[in-house]
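Subject: Handover of a structure and a summary of its features

Dear colleague,

Please find below the structure that I am passing on to you. A short account of what was found in it follows.

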Amino acid sequence: IVGNEPFAVLFGDDIIDHQKPALAQLMEVFEKTSSPVLCLEKVAPEKVQNYGIVEPKNEKDGLIEIQNLVEKPSPENAPSNLGIIGKYICTPDIFNHLEKSQSSHADGEIRLIDAFLSYIKEGGQIFGTAVQGTRYDTGHKWGLLQANIAFAMKDPELKEKITELCRNL
């Protein structure tokens with residue numbers, strides 16, 4: 001289906017609310033670099049073990065060239081506080097790297113991060129950027145609730161109903 005075209009990978013549990021969609025922001029970076037782009041977010045030190053974390057090579061104007069990626073490191077072994085969130089633009093050559101990748105995980109599963117590591121080791125450039133907007137991690141109950149309330153509050157009819165419900169609790 002992808003053929004020889006770049007494509008987006010968008011995890012359904014990462015929602016970013018902004019006037020300019022996160023994908024459009026990533027596409028702007030891709031248009032400048034013609035290289036894979038990962039969406040990044042600064043995470044608290046105590047939460048780095050929940051994320052793939054990037055090791056920046058260099059940074060200019062919010063664009064980070066990535067030299068390494070570490071899947072869910074301990075806080076003391078994290079190369080930065082820049083966590084990878086579920087929005088990427090990939091080039092079709094990532095499939096070659098997926099095929100020849102070996103898992104770096106205890107469960108043996110080959111993940112995109114393994115292909116990204118292979119891509120970098122063979123001289124490919126991958127960039128990351130923190131997109132603008134509010135991120136909701138809807139893979140957790142609290143994040144799902146936050147997203148639902150935040151989006152409901154943007155709708156005048158629902159805002160009135162949510163406000164009334166909260167007053168009556």
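A salt bridge is here a side-chain nitrogen of Lys or Arg within 4 Å of a carboxyl oxygen of Asp or Glu, and a residue is called buried when its relative accessible area is under 20%. Please also bear in mind that this is a predicted model.

With those terms in place, I begin with Asp114. This residue is buried yet has no salt bridge. The nearest side chain of opposite charge is that of Arg111, 6.2 Å away. Because a salt bridge requires the two groups to be within 4 Å, Arg111 at 6.2 Å does not form one with Asp114. The backbone of Arg111 is nevertheless involved: its nitrogen lies 2.8 Å from a polar atom of the Asp114 side chain. Asp114 belongs to helix H3, which covers residues 112-121. Leaving out residues up to four places away in sequence, Asp114 touches Ser101, Gln102, Ser103, Ser104, His105 and Glu109.

The chain as a whole may help you to place this site. The protein chain contains 5 helices and 8 strands, arranged along the sequence as β-β-α-β-β-β-β-α-α-β-β-α-α. Its C-alpha atoms fill a box of roughly 60 × 35 × 35 Å along the principal axes. Of the 169 residues, 37% are buried. Among contacts between residues at least 6 apart in sequence, 68% join residues at least 24 apart.

Turning to the surface, the protein chain exposes about 10300 Å², of which carbon and sulfur atoms supply 51%. Trp142, Leu145, Ile149 and Met153 make a nonpolar surface patch of about 390 Å². Leu145, one of these residues, lies in helix H4 (residues 141-152) and is partly exposed, with a relative accessible area of 42%.

Two further positions deserve a mention. Gly62 is found in the loop between strand S4 (52-60) and strand S5 (63-71), and is partly exposed at 32% relative accessible area. Beyond its neighbours up to four places away in sequence, Gly62 touches Gly128 and Thr129. Val2 sits in the segment before strand S1 (7-10) and is partly exposed as well, at 25% relative accessibility. Apart from neighbours within four places in sequence, Val2 is in contact with Phe7 and Phe95. The C-alpha atoms of Val2 and Ala106 are separated by 30 Å, with their positions 104 residues apart along the chain.

With kind regards

Conventions: Residues are numbered from 1 along each chain as its sequence is written. This is a predicted model: local features need pLDDT of at least 70, side-chain atom pairs count only at pLDDT 80 or more; totals for chains, interfaces and linings use all residues. Side-chain values use heavy atoms; hydrogens and water are left out. Helices (H or I, at least four residues) and strands (E, at least two) are DSSP runs, numbered from the N terminus. Buried means under 20% relative accessible area, exposed over 50%, partly exposed in between (1.4 Å probe, protein chains only). Lys and Arg count as positive and Asp and Glu as negative; His and the chain ends are not counted. A polar contact is a pair of N or O atoms within 3.5 Å; within protein, one must be able to donate a hydrogen and the other to accept it, and residues adjacent in sequence count only if both atoms are side-chain atoms. Contact means heavy atoms within 4.5 Å. Patches are made of residues with over 30% relative accessible area and no salt bridge: like charges are joined within 9 Å, nonpolar side chains (Val, Leu, Ile, Met, Phe, Trp, Tyr) within 5 Å. Accessible areas come from the Shrake-Rupley method with a 1.4 Å probe; for residues, only the protein chains shown count as cover.
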